[in-house]
Amino acid sequence: PRDATGIRQLTQMLLATGEGCEEELLAAAVRPEAQVAPDFVGLSVAAPAESLEDATRLLRRLLFRPTISAQGLELARAELVRNLAARGEMPATIAFDRLFDAIYPGIGSGDTTAGDAAELGAISLDEVMSFHARHYLPNATVIGISGGVEARQAIALVAREMSHVLPGALPYPRPEPPPGRAAGAEELAVECGTSVYITGGRGVSISAPDYPAMATGIALLGSGMGSRLYRALRLDRPLAYTIAAELTPSETAPSGVVIVACDPEALDEVEQIVEREIALAIDEAAGIEELQRAKRYLIGKHALRRQRNWEIAHYLAMFELLG
């Protein structure tokens with residue numbers, strides 16, 4: 001749901017603490033971790049393959065019948081407030097958060113922000129429990145499994161263990177398209193020795209036919225040492241400390257972003273070069289060689305993400321969820 005980033009992240013953090021299940025988690029060598037994205041929240045459970053049955057029971061309990069105490073809420077709240085304070089001290093995250101607040105009002109970056117400290121401080125235990133009861137529904141849940149298990153047996157086991165929970169009300173409807181946004185630039189002053197320039201906008205959704213083309217274009221522009229921005233900001237002239245261009249896959253809040261960290265004295269020149277390279281990428285067709293480089297970069301990145309069972313399980317579930 002929109003306008004719920006604080007309570008979404010707080011609730012998800014509480015589930016991942018495994019309160020009330022400490023002994024079972026230790027016995028099965030299970031480690032739960034929480035994720036929060038604009039489209040969904042996720043709970044990953046890493047465990048030895050022989051612990052699949054115990055891990056599935058624990059996942060069922062953590063998702064649908066969690067133990068959340070007043071003390072647990074205060075500990076999670078304090079951690080989240082500390083994380084917000086830390087973000088407010090780093091130029092890159094300040095710029096990143098402000099950009100997403102501008103391009104997706106009411107949603108923001110989703111996976112990294114959680115409202116402000118005052119809003120978090122006002123959330124009660126009853127509100128968390130009510131939020132959980134409304135939105136954590138079995139028929140709105142997708143499970144992905146990877147690694148060391150036989151597929152049919154694993155599916156049968158999960159189906160058996162999850163049959164103990166009732167489906168609940170209809171899943172919360174998919175969010176409406178986000179509201180309009182204002183164009184323009186904003187300057188933020190932060191006391192530190194590094195400047196950051198960030199620019200970006202709404203991307204196409206992950207299910208759109210143009211998504212692969214946009215991913216390739218973003219990689220061509222600023223991914224890796226062969227990209228146009230790397231050549232312009234590091235090889236032609238040593239102006240930037242770090243350069244990144246990212247496409248965030250999403251149905252609710254897809255985005256394409258370029259972020260560059262540099263010396264404060266180089267900031268104006270960096271801005272001009274980045275905007276020039278974006279304009280050239282729009283106006284001039286890419287050559288065959290650099291197009292192939294961008295594709296190879298994406299293919300290699302995809303292959304790296306298939307090397308860990310955690311990520312395979314995550315992406316199996318995410319793509320199933322997003323269609």
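Which residues does Gln35 touch, not counting residues up to four places away in sequence? In this predicted model, the contacts of Gln35 comprise Gln12, Val41, Gly42, Leu43, Ser44, Trp310 and His314, once residues up to four places away in sequence are set aside. Gln35 itself lies in strand S1, which spans residues 31–36. Its relative accessibility is 15%, and Gln35 is therefore classed as buried, the limit for this class being under 20%. A polar contact of Gln35 is also found within the strand: its side chain reaches the backbone oxygen of Glu33 at a distance of 3.3 Å.

The protein that surrounds this residue contains 13 helices and five strands. Its 323 residues would give a radius of gyration near 20 Å if arranged as a compact globule, and the computed value of 22 Å agrees with this expectation. Along the principal axes, the C-alpha atoms occupy a box of roughly 60 × 45 × 35 Å. Of the contacts with a sequence separation of 6 or more, 75% join residues 24 or more positions apart.

Buried residues, a class to which Gln35 belongs, constitute 41% of the 323 residues. The exposed area of the protein amounts to about 18100 Å², of which 55% is supplied by carbon and sulfur atoms. With regard to charge, the protein carries 29 positive and 43 negative charges, and the mean positions of these two sets are 6 Å apart.

Definitions and conventions: Residues numbered from 1 in each chain as written. Predicted model: local features only at pLDDT ≥ 70, side-chain atom pairs only at ≥ 80, totals over all residues. Heavy atoms only, no water. Helix = DSSP H or I, 4+ residues; strand = E, 2+ residues; numbered from the N terminus. Buried < 20%, exposed > 50% of the residue type's maximum accessible area, 1.4 Å probe, protein only. Polar contact = N/O pair within 3.5 Å; in protein donor to acceptor, adjacent residues only side chain to side chain. Contact = heavy atoms within 4.5 Å. Rg over C-alpha atoms; globule rule 2.2 N^0.38 Å. Areas by Shrake-Rupley, 256 points an atom, 1.4 Å probe, with all protein chains shown as cover. Lys, Arg positive; Asp, Glu negative; His and termini not counted. Charge placed at Lys NZ, Arg CZ, Asp CG, Glu CD.
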